[in-house]
Amino acid sequence: MKDSEWMVEEVLMHPEPIFLEPVFHERIWGGRKLQTLFGYPIPSGETGEAWVIAAHKNGSSKIAAGPLKGRSLLEVWNDYPGLFGKASSAGDFPLLVKILDAHDDLSVQVHPDDEYAKRAEKEPFGKNECWYVLDCEKNSYVVFGHRAESKEDFKRRVEEEEWDDLLIRVEVEKGDFFYVPSGTVHAVGKGNVILEIQQSSDITYRVYDYGRKDADGNTRELHLQSAVDVIKFPHCSPAPRAVEEKSGNLVIRQLIQETYFTVYHWQVDGKAPIPMAADYLLLNVISGAGMISGSECSFPIAKGDHLILPASIEAYSIEGELEIIVSHE
């Protein structure tokens with residue numbers, strides 16, 4: 001048996017949770033909270049994003065431990081489809097999970113849907129996303145929508161810089177959840193730390209960037225025509241209704257169930273079996289500590305850990321006092 005064939009067989013016969021190391025991206029609006037809140041080894045004081053579960057060409061998480069240590073999630077997705085309940089590699093990894101540190105306001109922006117992304121950008125996915133507010137400063141807000149009635153009205157207000165009247169600002173608190181479908185004008189405001197679960201896309205059309213300049217004195221590119229092409233008129237604020245159920249020591253609150261992703265908040269207090277609601281699950285530990293166990297292995301988990309529970313483990317249990325955001329396609 002070839003070494004590569006042996007490795008595949010070994011990984012599938014003795015599977016374990018896939019722990020991941022973040023990929024960091026420096027941004028003009030980034031800060032240091034990814035280090036102060038989670039202890040991550042950020043590259044600078046302008047670190048805006050940690051791509052914590054990612055298999056995208058612009059950044060892929062690395063496997064942190066086990067026989068696959070050091071390999072990228074993108075490689076593992078392609079080379080070990082059985083871990084994800086697939087007979088063969090099934091296109092692109094569908095989701096991307098980030099933590100955003102908004103030390104300053106993010107640009108006002110919008111994302112395309114799948115059809116526009118394929119036609120205009122030759123990319124497989126548009127970008128529907130959702131936010132869970134991990135932390136925020138007093139009086140923090142997000143931009144969530146606009147007041148324009150049409151494309152022409154929107155462009156006129158932009159040209160006349162009627163930002164206060166055009167943009168809808170919503171104050172936020174820790175634990176708030178937002179569903180941000182494609183076509184929604186939005187921005188994360190200064191002082192927020194956001195867990196973002198989205199389609200695996202890196203397409204953003206900027207509408208407004210406050211006239212900021214980078215270290216070289218250049219303003220960032222805006223994409224007004226593409227933005228207007230994809231913005232929905234009039235704006236509609238989706239408000240998903242959370243559904244909660246309790247099973248022993250595990251309280252599961254379903255935050256959203258959509259075409260592109262389903263997202264839950266788990267509150268663990270003690271020991272409980274893990275319900276595998278899909279072939280594989282993405283887990284982001286947002287507070288507390290405990291243990292996660294499969295049929296052949298046990299591992300400590302704590303705030304700031306990010307992992308995938310693969311399809312090939314028959315049963316999992318979890319123990320401790322933890323909050324976890326869980327998602328799947």
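Contact here means heavy atoms within 4.5 Å, and that is the sense in which one element covers another in the views below. The model is predicted, so read every close-up with that in mind.

**View 1. Helix H5 and what packs over its buried residues.**
Start with helix H5, residues 151-159, where Asp153, Phe154, Arg157 and Val158 are buried. Those four span an arc of only 135° around the axis, so they sit on the same side of H5. The pattern fits simple helix geometry: with 3.6 residues a turn in an α-helix, residues three or four places apart point the same way. Glu152 and Glu159, on the other side of H5, are exposed. The cover over the buried residues of H5 includes strand E10 (141-146), helix H6 (163-166), strand E15 (205-208) and helix H7 (224-230). After H5 comes Glu161, with a positive phi near 55°.

**View 2. Helix H4, from its start to the residue just after it.**
In helix H4 (residues 114-121), the buried residues are Asp114, Tyr116 and Ala117. They take up an arc of only 165° around the axis, which places them on the same side of H4. Among the elements covering these buried residues of H4 are strand E14 (192-199), E15 and H7. E15 and H7 should ring a bell: both are also listed in the cover of the buried residues of H5. Look at the start of H4 for a polar detail: a side-chain oxygen of Asp113 comes to within 3.3 Å of the backbone nitrogen of Glu115. Just after H4, the phi of Lys122 is positive, about 60°.

**View 3. An open sheet of six strands, with E2 and E12 at its edges.**
The six strands of this open sheet follow the order E2-E3-E7-E14-E9-E12, with antiparallel pairing. Strand E2 (23-31) and strand E12 (177-180) are the edge strands, each pairing on one side only. On average, and ignoring direction, neighbouring strands of the sheet are turned by 25° against each other. Zoom in on the E12 edge and you find strand E9 (residues 129-136) running antiparallel to E12, the two joined by four bridges. Within that pairing, Cys130 has Tyr179 of E12 as its bridge partner. Strand E14 is worth a second look, since it also helps cover the buried residues of H4.

**View 4. Aromatic pairs that link distant parts of the chain.**
Searching the whole structure turns up 16 aromatic pairs. One of them is Phe84 with Tyr280, an edge-to-face pair at 5.2 Å centre to centre and 85° between the planes. Phe84 belongs to the loop between helix H3 (73-79) and strand E7 (95-101), and Tyr280 to the loop between strand E18 (262-273) and strand E19 (281-293), so the pair ties together parts 196 residues apart in sequence. Both Phe84 and Tyr280 are buried. Another pair is Tyr179 with Phe261, which counts as edge-to-face because the ring centres are 6.1 Å apart and the planes lie at 85°. This pair also links distant parts of the chain, 82 residues apart: Tyr179 is in strand E12, and Phe261 is in the loop between strand E17 (250-257) and E18. Tyr179 has a relative accessible area of 7%, so it is buried. Phe261 is at 0% relative accessibility, so it counts as buried. Back at the Phe84 site, one aromatic cluster is formed by Trp77, Phe84, Phe93 and Tyr280.

**View 5. Thr184, a buried threonine in a loop.**
Thr184 sits in the loop between E12 and strand E13 (186-188). Its relative accessible area is 4%, so Thr184 is buried. A polar atom of the Thr184 side chain lies 2.8 Å from the backbone oxygen of Pro181. Setting aside neighbours within four places in sequence, Thr184 is in contact with Gln109, Val110, Phe144 and His235.

**View 6. Asp305, a partly exposed aspartate in a loop.**
Asp305 is in the loop between strand E20 (298-302) and strand E21 (306-309). With 25% relative accessibility, Asp305 counts as partly exposed. A polar atom of the Asp305 side chain lies 2.9 Å from the backbone nitrogen of Ala302. Asp305 and Asn284 are 21 residues apart along the chain, and 6.2 Å separates their C-alpha atoms. Not counting residues up to four places away in sequence, Asp305 touches Phe19, Leu283, Asn284, Val285 and Pro300.

Definitions and conventions
Residues numbered from 1 in each chain as written. Predicted model: local features only at pLDDT ≥ 70, side-chain atom pairs only at ≥ 80, totals over all residues. Heavy atoms only, no water. Buried < 20%, exposed > 50% of the residue type's maximum accessible area, 1.4 Å probe, protein only. Arc of directions from axis to C-beta. Pairing = 2+ DSSP bridges. Axes fitted to C-alpha atoms, helices over the stretch in contact; angles between N-to-C directions. Polar contact = N/O pair within 3.5 Å; in protein donor to acceptor, adjacent residues only side chain to side chain. Phe/Tyr/Trp six-rings, centres within 6.5 Å; stacked < 30°, edge-to-face > 60°.
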